[in-house]
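Visitor: I am new to this structure and would love some help reading it. Could we go through it one feature at a time?

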Amino acid sequence: MKKSFLTSIVVLTVLAFSFSMTVAQEKFPTEPVRLIVTHAAGGTTDMAARVIQPYFQKAIGVPVVIENMVGAGGNIARAFVFRQKPDGYTLLVSQQPSMSSGEIVSGGKFEVLKLTHVVNVAGKNYDCVAVPFDSPIKTIEEMKKASQGQALTSAGTGIGTNAYIAAMLLKQRVGVNLTYVPFNSGTEAALAVAGNRTQMGTGALDSYFPLHEQKKLRVLAVTGPERDESHKEIPTLTELGFPQVKMDQMTGIFAPPGLPKARADILIKSLQKAMADPDFKAAASKAKLTLQPLASEDFVKASKAIYETIKALEGVLKAGTSK
């Protein structure tokens with residue numbers, strides 16, 4: 001009886017060891033990885049995904065497929081990824097602080113800080129304030145004055161996005177009377193401003209600047225805490241006397257909650273290898289994508305700081321949705 005018992009223990013131990021070795025040696029990934037992008041092709045979020053995609057694919061060894069899942073200011077894509085199986089095959093490309101705003105202000109069906117933070121790719125591509133090129137408005141003060149008789153129409157991306165946050169800060173903290181008009185991407189919003197379909201607009205500088213160079217619209221200022229590294233000639237709103245309109249920005253890659261550490265580590269290592277590729281850096285520079293590589297604790301810390309900033313602005317941002 002004792003011998004039989006000992007034999008059973010040995011067998012169970014061997015089986016457990018064999019199972020753990022099988023799990024440890026499990027190959028990942030063995031099928032395509034999906035990058036779910038919150039906005040339409042042509043915007044800054046999409047650009048970050050498309051610049052890194054070929055280098056990520058090369059580093060991880062399987063196809064990496066981009067899917068633009070548009071709607072609700074990015075919340076449809078975020079909620080979709082949040083409820084997926086945490087197997088590392090479905091990833092989200094999203095910006096902050098719009099993602100935090102999407103949860104806090106718009107009631108998105110996801111929790112930012114529960115998402116697995118894989119790698120942050122870009123940052124400091126700040127939002128801007130722009131007007132049509134032939135607009136009589138030349139300054140923020142003139143914009144405020146012009147809006148007092150009748151609200152200015154203002155282009156941007158969906159409710160809760162970075163562009164929306166910038167517009168609501170202008171409205172609630174500066175006194176620019178505006179009616180927000182959402183578009184599917186920053187590029188569409190910029191074209192609306194350039195085509196005089198709206199009287200002003202807010203959105204990613206990289207979406208607006210090409211039209212600024214073509215003299216189809218004029219960028220008045222950026223909303224960042226400092227000047228945009230790619231376009232240092234554009235002043236900040238803080239420099240112009242409006243420090244109440246200031247926010248940081250990041251574009252990162254996230255996975256559903258509960259992603260096993262072993263798989264997260266593979267994704268992180270592959271993305272870091274992709275971002276270290278000289279060809280990727282050259283492609284990012286050409287696209288004027290300001291890189292801000294962060295992983296693990298550094299990424300979580302930066303994301304949490306932005307989340308807390310948006311939480312503090314909750315009243316201001318929700319006031320904009322009630323009008």
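Visitor: Let me start with a helix. Which strands does helix 3 lie across?

Guide: Happy to help, and please keep in mind that this is a predicted model. Helix 3, residues 75-82, lies across strand 1 (33-37), strand 3 (90-96) and strand 10 (250-255). Relative to strand 3, the helix runs at about 140°.

Visitor: In what order do the strands of the open sheet come?

Guide: The general idea is that strands of a sheet pair through backbone hydrogen bonds, either parallel or antiparallel. Here six strands form an open sheet with mixed pairing, in the order 2-1-3-10-4-11. At its edges are strand 2 (64-68) and strand 11 (291-295), each pairing on one side only. Neighbouring strands are turned by 25° against each other on average, if direction is ignored.

Visitor: How many bridges join strand 4 to strand 11?

Guide: There are three, and these two strands run antiparallel. To find the pairing in the 3D view, look for asparagine 120, which stands opposite leucine 294 in strand 11.

Visitor: Now the interior. Which residues have the most contacts inside the largest nonpolar core?

Guide: In soluble globular proteins, nonpolar side chains tend to be buried together. The largest such core in this model has 48 residues, and Met143, Leu170, Leu178 and Met200 have the most contacts inside it. Helix 6 (residues 162-174) gives the most to this core, with nine residues. A second, separate core has 35 residues, including Leu35, Tyr55, Phe56 and Val118.

Visitor: What does methionine 143 touch?

Guide: Leaving aside residues up to four places away in sequence, its contacts are Val129, Val131, Ile137, Leu152, Val176, Met200 and Leu220.

Visitor: Which residues of helix 7 are buried?

Guide: In helix 7 (residues 186-194), they are Gly186, Ala189, Ala190, Ala192, Val193 and Ala194. These residues pack against several elements, among them strand 5 (127-132), helix 8 (205-213) and strand 9 (217-222). Strand 9 is mostly covered, with six of its six residues buried. Five bridges join strand 9 to strand 5, and the two run antiparallel. One pair to look for is proline 132 with its bridge partner in strand 9, leucine 217.

Visitor: One last feature: at what angle do helix 9 and helix 10 cross?

Guide: Their axes cross at roughly 70° and come within 5 Å. The two helices are therefore roughly perpendicular to each other. Where they meet, Ala274, Met275 and Ala276 of helix 9 face Pro278, Phe280 and Lys281 of helix 10. The contact has five nonpolar residues, no polar ones and one charged.

Definitions and conventions
Residues are numbered from 1 along each chain as its sequence is written. This is a predicted model: local features need pLDDT of at least 70, side-chain atom pairs count only at pLDDT 80 or more; totals for chains, interfaces and linings use all residues. Side-chain values use heavy atoms; hydrogens and water are left out. A nonpolar core is a set of buried Ala, Val, Leu, Ile, Met, Phe, Trp, Tyr and Cys residues joined through side-chain atoms within 4.5 Å. Buried means under 20% relative accessible area, exposed over 50%, partly exposed in between (1.4 Å probe, protein chains only). Helices (H or I, at least four residues) and strands (E, at least two) are DSSP runs, numbered from the N terminus. Contact means heavy atoms within 4.5 Å. Two strands pair if DSSP finds at least two bridges between them. Axes are lines fitted to C-alpha atoms, for helices over the stretch in contact, and angles run from 0 to 180 degrees between N-to-C directions. Angles under 35 degrees count as roughly parallel, over 145 as roughly antiparallel, 65 to 115 as roughly perpendicular and the rest as oblique. Ala, Val, Leu, Ile, Met, Phe, Trp, Tyr, Cys and Pro count as nonpolar, Asp, Glu, Lys and Arg as charged, and the others, Gly among them, as polar.
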